Amino acid sequence: PKPTQVNEDSKNKQLEQYREDGQGEYMTTDQGVRINHTDDSLKAGQRGPTLMEDFHFREKMTHFDHESIPERVVHARGSGVHGYFQPYDDSLKKYTKARFLTEPGTRTPVFVRFSTVVGSRGSADTVRDVRGFATKFYTAEGNYDLVGNNMPVFFIQDGNKFPDLVHAIKPMPDNEMPQASAAHDTFWDFASLMPESTHMLMWVLSDRAIPRSFRMMEGFGVHTFRFINDEGKATFVKFHWRSTLGANSLVWDEAQKLAGKDPDWLRRDLWDAIEMGDYPEFELSVQLVPEEDEFKYDFDLLDATKIIPEELVPRRPVGKMVLNRNPDNFFSETEQVAFHPGNLVPGIDVTNDPLLQGRLFSYIDTQLNRFNSTNFTEVPINRPVAPVHNHHGAGFMRMTIGKGKANYWPNSIGNGCPMMTPEAMGGYVHYMEKVEGHKIRARSESFNDHYSQATLFWNSLTEPEKEHLVSAAHFELGKVERKEIRRRQVANFYKVDPQFAALVAAGIGVEMPVDQDSEPTGNFVKDDASEKIKKGKS
Ligand code: HEM
């Protein structure tokens, strides 16, 4: 079959069919009936009760009553923007058959949503938090989503811990405070009991967590993914976005003041830049690791709390993304867009990273809750530009009108349904990784080092960056009421760098007691670090 072509404007043209500028000659009901008066409801007499038969009032009020949908359970607050991606050359062809990465002439339309993670939809932009950086590529071969963050690692190693992490960091279950900050006991209780979070905590306490602008952040796919080439050969890959404006941050005092004076700071900055024609540009680069080198490093490629240091595997530039158009409608586009790390195209596949595996279930599941229907993929912003043919049908708000009688496969009737087998169409083939093992609810020992890369991060900072990080720790941990939690976190920081731990301890009123040989607290051990502290010191 002839390959579908896309260009920069393909998505825009598709969206055009759905746009409504509200500039019609008459105001009408949803049935297209002209409305003659909308300021008063229909009454029995001038001072009488409103009548049930007032279809205009009922329709208007019902729409209003149903305007809100559940906000995202995480990343509720975000800003969306349209643009395109274009590869520099075809040099990745050796590694991947994904055409949007290897055809230099093709500009693939994208929709990007930047977000904060913890706060609700109405929370302030400049809080200390991870930022989401999710990109939907409307490629000729279907939608590909790179659902990343502005930090290259994550808090936990296994998807099964995600609900705990989010419960711990979201506002308190009793009084819903604080709105969008990790400055409370539950988060630090959890974090200090989960030493695997230490590397990510260093990033979160650093200035990376208070970006100056969405236009000035890096982006990371975090997990190790797989490229697959035409011969079916796989290569491990990590994805990176770099802004041409660099990575710039606010300082904490600015961030706090802005949260009060202009809670829309990041949203406004992005919107205004694009309105002024100052289009943000991000370079995509990849780190490639041959399959044969899977076990070459002293960390596990499947462990999302680890980076691949660029000294070991340099980044390789792939192409550029330009963000050049604001959405027409926040709800229809930014709110209704639905990303999913499992939206893959031929040439890109997942790995067994247990965090990624957890995500593969979670996103569609939560979107079913958010949209109340499987048909959210038909909403304009989520529709692929590539043609969609299958035997799905029905469900709430089905928009496509399937023609013909055969909505099953195999069929010999064919009318309206594709007759080609998927094989003949060159469809997506999952990488044939050999998998065998005992069913076991456990974690690989190769995931056990929770501190070396945290130390690497600390050592990479300049003096002012270190000072900022220490003051951030003073601020956040200083809000923690329970001293044993503060101590336990200092014990973990001690294993990153004793001097760093001492600096933190000094600002939060806990002694610097950790005995030199103290072991990591261990994932499921309740309070052994603080026990050790007590024993060691007193
Ligand atoms: C959003 C789950 C880890 C990046 C979400 C949403 C859920 C979720 C339920 C809301 C989606 C929606 O309502 O449409 C999880 C789970 C994780 C995990 C279960 C771990 C097992 C991560 C990681 C990253 C990430 C490691 C970064 C690499 C994002 C982003 C969004 C998001 C950017 C917002 C997407 C948007 O703008 O709509 N996640 N997440 N998540 N997640 Fe994750």
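A residue counts as buried if 20 or more other C-beta atoms lie within 10 Å of its own, as exposed if 12 or fewer do, and as partly exposed in between, with C-beta atoms placed from the backbone. You are looking at a predicted model, where local features need pLDDT of at least 70 and side-chain atom pairs count only at pLDDT 80 or more, while totals for chains, interfaces and linings use all residues. Numbering runs from 1 along each chain as its sequence is written.

Start by selecting 483-496, helix H13 (helices are DSSP runs of H or I, at least four residues, and strands are runs of E, at least two, numbered from the N terminus). Of its 14 residues, 12 are buried, among them Ile485, Phe493 and Tyr494. H13 reaches 20 Å from first C-alpha to last, close to the expected 20 Å (1.5 Å times one less than the number of residues).

Next, pick 452-460, helix H11. Here Gln453, Ala454, Phe457 and Trp458 are buried. Viewed down the axis, these buried residues fall within an arc of 150° (taken from the directions from helix axis to C-beta atoms), so they line one face of H11. Turn to the other side for Asn459 and Ser460, which are exposed. The buried residues of H11 pack against H6 (198-205), H13 and H14 (498-507), where contact means C-beta atoms within 7 Å.

Now move to the ligand and its 28 surrounding residues (C-beta within 6 Å). His75, Arg113, Gly132, Gly159 and Gly358 come nearest. Finish on H10 (354-371), which gives the most to this shell, with eight residues.

Definitions and conventions: Contact = placed C-beta atoms within 7 Å.
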